Amino acid sequence: MEQIDADVAVIGGGPSGLAAAITAAEKGAKIILVEKGATTGGTGNMAMGPAAFESRLQKEKNVSLSRDQAFELHMKYTHWRVDARLVRKYIDLSGDTISWLENMGVDFFEVEEQFEGAHCTHHNVAAADGGTSICAATNMMKVMDEQARKLGVNVLLRTKAAKILTNEDRVSGLIGEHQSGERIRIHARAVIIGTGGFGSNPEMVNNHT
């Protein structure tokens with residue numbers, strides 16, 4: 001079995017996985033990312049763009065919704081059944097995340113309502129023709145993929161995480177499995193799971209919400 005050493009192993013090459021890999025690589029860590037699909041991007045390839053609050057684009061458009069107001073709206077809508085600390089963290093960092101993506105080379109077409117009557121929090125990524133369209137965020141994912149590789153992230157496509165390894169109750173890496181069946185042992189000081197949510201898994205929803 002092939003063996004590879006890394007500081008951090010990331011499972012999943014979608015928006016969260018790529019963001020984690022890039023951020024860790026920016027800090028000088030050696031990163032290996034495993035993605036079971038043939039390309040990176042995940043569900044980000046089917047989106048128009050991310051939500052954010054108090055971003056540069058919103059301020060230029062005089063959008064008055066504050067991060068505090070957004071937090072209260074979200075928590076009331078979910079009846080405070082979600083992790084308030086994570087929601088607060090996401091909202092507080094979202095505006096800076098837009099700037100981080102712009103500095104990386106992501107172009108945004110517009111910030112607008114996601115549906116009629118909503119606040120202008122939806123940051124639509126610019127499409128190839130300069131406008132925007134359904135799935136335009138695939139351009140954002142391409143930029144993130146390029147940035148990850150530029151920073152030295154080792155991206156292993158068509159490779160799923162078969163098992164997370166531990167040593168004396170501490171995570172020590174993972175076993176990756178290529179679609180061919182070939183396995184690889186990745187030694188890492190940390191493993192980040194960036195595979196998305198579990199909204200379509202009733203058992204996990206019942207157990208963790």
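Which residue takes a positive phi in the hairpin of E7 and E8? Gly-181 does, with a phi near 100°. This hairpin has four residues between its strands. Keep in mind that the model is a predicted one.

Start with the strands around that turn. E7 covers residues 170–178, and E8 covers residues 183–193. The two run antiparallel and are joined by five bridges. Look across from one strand to the other. Gly-176 stands opposite Ile-184 in E8. Leu-174 stands opposite Ile-186 in E8. In a regular strand, side chains alternate between the two faces of the sheet.

Now step back to the hairpin before it. Strand E6, residues 159–167, runs antiparallel to E7. Eight bridges hold this pairing. Lys-160 has Glu-177 of E7 as its bridge partner. Two residues lie between E6 and E7 in this hairpin. Here, too, a positive phi appears: Glu-168 takes one near 55°.

E8 has a further partner. Strand E1, made of residues 2–11, pairs with E8 over nine bridges. This time the sense is parallel. Find Ala-9, and you will see Val-191 of E8 opposite. So much for the strands; next come the charged side chains.

How many salt bridges are there? The count comes to 10. One of them joins the side chains of Arg-56 and Glu-102, with N and O 2.5 Å apart. Arg-56 belongs to helix H2, while Glu-102 belongs to helix H4, residues 84–104. The pair therefore ties together parts that are 46 residues apart in sequence. Are these two residues buried or partly exposed? Arg-56 is partly exposed, because its relative accessible area is 38%. Glu-102 also counts as partly exposed, at 21%. That value is just outside the buried class, because buried means under 20%. The pair also belongs to a network of salt bridges that links Arg-56, Glu-60 and Glu-102.

Follow helix H4 to Arg-88. The side chains of Arg-88 and Asp-68 meet in a salt bridge, 2.9 Å from N to O. Asp-68 sits in helix H3, residues 67–77, and Arg-88 in helix H4. This pair links distant parts of the chain, 20 residues apart. Arg-88 forms a salt bridge with Asp-92 as well, and the closest N and O atoms there are 2.9 Å apart. This link stays inside helix H4. Arg-88 and Asp-92 are four residues apart, so about one helical turn separates them. Arg-88 counts as partly exposed at 23% relative accessibility. Asp-92 counts as partly exposed too, at 26%.

Arg-88 has another contact to look at. What does its charged end sit over? The answer is the ring of Phe-71, whose centre is 4.9 Å away.

Phe-71 leads on to the aromatic rings. A search of the whole structure finds one aromatic pair. Its members are Phe-71 and Trp-80. Their ring centres are 5.7 Å apart, and the planes meet at 90°. The pair is edge-to-face, because planes over 60 degrees apart count that way. The two residues differ in accessibility. Phe-71 is buried, with a relative accessible area of 9%. Trp-80 is partly exposed, at 49%.

Finish with a buried charge. Where does Glu-35 lie? Glu-35 is in the loop between strand E2 (31–34) and helix H2 (56–60). Glu-35 is buried yet has no salt bridge. Why not? The nearest side chain of opposite charge, Lys-36, is 6.9 Å away. A salt bridge needs a nitrogen and an oxygen within 4 Å, so Lys-36 does not qualify.

What is Glu-35 in contact with, leaving aside its neighbours within four places in sequence? Gly-12, Gly-13 and Gly-14 are among them. Leu-156, Leu-157, Arg-158 and Thr-159 are in contact with Glu-35 too. Thr-159 takes us back to strand E6, which begins at residue 159.

Conventions: Residues are numbered from 1 along each chain as its sequence is written. This is a predicted model: local features need pLDDT of at least 70, side-chain atom pairs count only at pLDDT 80 or more; totals for chains, interfaces and linings use all residues. Side-chain values use heavy atoms; hydrogens and water are left out. Buried means under 20% relative accessible area, exposed over 50%, partly exposed in between (1.4 Å probe, protein chains only). Lys and Arg count as positive and Asp and Glu as negative; His and the chain ends are not counted. Contact means heavy atoms within 4.5 Å. Rings of Phe, Tyr and Trp (its six-membered ring) pair if their centres lie within 6.5 Å; planes under 30 degrees apart count as stacked, over 60 as edge-to-face and the rest as tilted. A charge sits over a ring if NZ of Lys or CZ of Arg is within 6 Å of the ring centre and within 35 degrees of the ring normal. Two strands pair if DSSP finds at least two bridges between them.
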